[in-house]
Amino acid sequence: VNPQHHKYALIAGVAVAVIVLSWAMFAALSWLLRRPVPGSEATTVPSVTAPAGAKPAAPRINATLYFASEDGQRLVSVQQEVPLAGSVVEQARAILEAQFSAKPPESLTPTIPEGAAVRGLYVSSQNDVFVDLEPTVRSKHPGGSMQELLTVYTIVNALLTNLPTLQQVQILIDGREADTLAGHVDLRRPLKKNDNLLATPP
Amino acid sequence: MRRTHLASFVVTVLCLASIGTLPAQAPTTTLTLLSREGRRSLPTTAIGNQDYVSVDDLNAAFGTTAREDRLAGGLTITLRNRSALLTADQTVVQANGRLVSLLAPVLRRDGRWLVPVDFIPRALSLLLETRLDLRRSSRLLVMGDMRVPRVVVSIDAGVTNLSVIFEVTPSGDAKVSAPPGRLQVQFEADALELTLPPIPAQTFLLGLAQSETPGAVAIVTGPRYAQYRTSSSQTDAGSTRFVVDLLPATTTTTAPATATPAPDMRPSLNATPSTGLRTLVIDPGHGGDELGAQGPRGTLEKNVTLAVARRLRTLVETRLGLKVFLTREDDRTVPLDDRSAFANAHRADVFLSIHANAAVRPSLKGAEVYYLTVERADAEARKRADDTATAVPELGGGTRMIDLILWETAQARYLEQSSTLAGMIEQSLGTRLEMSPRAVRQAPFRVLVGANMPAALVEMGYLTNADQERQLTSAGYQDYVVQAILEALIKFRDLLDTTAQ
């Protein structure tokens, strides 16, 4: 069963109820997003007010995903459509899942090892994201600090670039804190976005 | 389907929770409103975990008027022909025809109306038709197009100089002028959101303060200061790093250190991290179950690193007469933190981790040298850690002082030296081997985090490249690598010796 289809069916069903519940949703969302970026309206996900009038025709948003550059030393950003989700957590997961399964344009290579998968994703009240990965991300990783940096910062940058209310990303493996993914990059603490690895810094 | 139920349950609970009971009021503090008209303070009251501001105070500050509708239990705030509708105990307000949700409900207490502070940027800004930027951490409210960059200042105290580092977000230029007794750093700004660090004990810098001139910081210089030097660079995500180096009267290497007028007053416990190079700890990367990278012909990184580490030990012991220890002598699994702990326990003056790299592109080749990236929070923690000296009982009676350093910030205090060391190794490797395009890099590598001494990680080459795999297993190439590291260690030792005088 495709979980995305499931989600849209869900959105369609909820659409009518949303009108009634919209005030309640506002309260809940503002509570969830305790620390939004100053000046921004409640959330960066534009779906909150949209579903009431929107057709359930699988809305999608443009997201920035990352791949390894031709020389294998940099991250290159690529715009790709991902399904629109109803909450930051779901949107984060949708983006990550798109990143994990994305086919890169020619000349670029994926930075996420084949077979890697997301086990879970949580957002704390501080807007820190915890990404729990299947242990395959470690067993299938080719090793090497360069490749490890690219893998880790693909995950970190994909989440923090697309969802600016999120602050930092901590990667867990198999539900636990891990020292590293392949022996180098420190995963014991949350990581911030890294623009130095980008092929063309912003 | 289970998720739907859960979601609606959560929504209901949150909804009830947000409208529910609120704890008693806490003491009053203020927000500072910065506008073209100047500064003005706005009293706030903490209720629950939210800061509230009274509508009366908002009216006084922004020229709005309020009218209460007792029957409907609502309040209308008006400015000219625009209005906002508030309802007691509701988190949603209507402002200028738009629905806006707030982090906490509007309250009516003892005849006064209170709104959570995020009402100001979210709703009031719609009435005023101007931007109101609420900066919670500094309790600033910036109105209109005022340029109020965030400036975080840090201090890097060296032996022969002191750097005052300004991280300016968003990016902007700064100019330094030198009125007597101080330096004035003027930013392109109307005001600053300024974070100042504590001043360490030394004689270059006596103090830092927000200047009376808007958008400027004053550096009060000390007796050892004679001249300054500035540099600026763009860091990640739109910040400028502006550095003012305070230098003593003589900076040339020919001048003896005794020429400096004032003695270095830094306490001996946290003074110069190293007074020379006597002990080296080499860390052969990976080992045991951790194979590391693999070459196309099956060469394992863990074996190459051990071979090179042994070679390096022999050379450094015989040529430099240093004590050299390896974090592993054979093929075994050693956790990363144990490796730097080993170096700390052996009081190493330098810690070098030896690795070979891997890439998905087989064409990628070249050596690289890394030192640790430290985030700002760690650098601040490091300042605190610097001062933690603790007395511990000694065997046979009495006590001795030890200085306690947080594991996570140990390396942060040696970043400058580690960067120098990494640069020297890179330069030296570059004369003998092919380097990768950007050879010195910073990265958050776990093995370096806890090292309480200058530390670097050397990637000797890419095992995934067939040519380099052959090279990395050859005695000739391994000798090039260790020769280059030896040369860099000699340079680094000389540097430590001159700065220690």
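Start with the aromatic rings: searching the whole structure, over all chains, turns up three aromatic pairs. Here, rings of Phe, Tyr and Trp (its six-membered ring) pair if their centres lie within 6.5 Å. Keep in mind that this is a predicted model, where local features need pLDDT of at least 70, side-chain atom pairs count only at pLDDT 80 or more, and totals for chains, interfaces and linings use all residues. For your selections, residues are numbered from 1 along each chain as its sequence is written, chains are lettered from A and ligands numbered from 1 in the order in which they are written, and side-chain values use heavy atoms, with hydrogens and water left out.

**Stop one: the rings**

Select Phe166(B) and Phe242(B). Their ring centres sit 6.4 Å apart with the planes at 45°, so this pair is tilted (under 30 degrees would be stacked, over 60 edge-to-face, the rest tilted). Phe166(B) belongs to strand E14 (residues 162-169) of chain B and Phe242(B) to strand E21 (residues 240-247) of chain B, so many as 76 residues apart, and the pair links distant parts of the chain. Strands (E, at least two residues) and helices (H or I, at least four) are DSSP runs, numbered from the N terminus.

Are these two rings buried or exposed? Phe166(B) has 0% relative accessibility and counts as buried; Phe242(B), at 6%, counts as buried too. The cut-offs are under 20% relative accessible area for buried, over 50% for exposed and partly exposed in between, with a 1.4 Å probe and protein chains only. Now add Phe187(B): ring pairs link Phe166(B), Phe187(B) and Phe242(B) into a cluster.

**Stop two: two helices**

Next, show helix H9 (residues 466-473) and helix H10 (residues 475-500) of chain B. Their axes come within 5 Å and cross at roughly 75°. Axes are lines fitted to C-alpha atoms, for helices over the stretch in contact, with angles from 0 to 180 degrees between N-to-C directions. That crossing makes H9(B) roughly perpendicular to H10(B): the class spans 65 to 115 degrees, with under 35 roughly parallel, over 145 roughly antiparallel and the rest oblique.

Which residues make the contact? From H9(B) pick Gln468(B), Gln471(B), Leu472(B) and Thr473(B), and from H10(B) pick Ala475(B), Tyr477(B) and Gln478(B). Contact means heavy atoms within 4.5 Å.

Stay on Gln468(B), which is buried at a relative accessible area of 1%. Leaving out residues up to four places away in sequence, Gln468(B) touches Lys365(B), Gly366(B), Gly461(B), Tyr462(B) and Tyr477(B).

**Stop three: a hairpin**

Finally, go to strands E7 (residues 92-95) and E8 (residues 98-101) of chain B, which run antiparallel and are joined by four bridges (strands pair if DSSP finds at least two bridges between them). Val92(B) stands opposite Ser101(B) in E8(B). The two strands form a hairpin with two residues between them, and Asn96(B) in the turn has a positive phi of about 50°.
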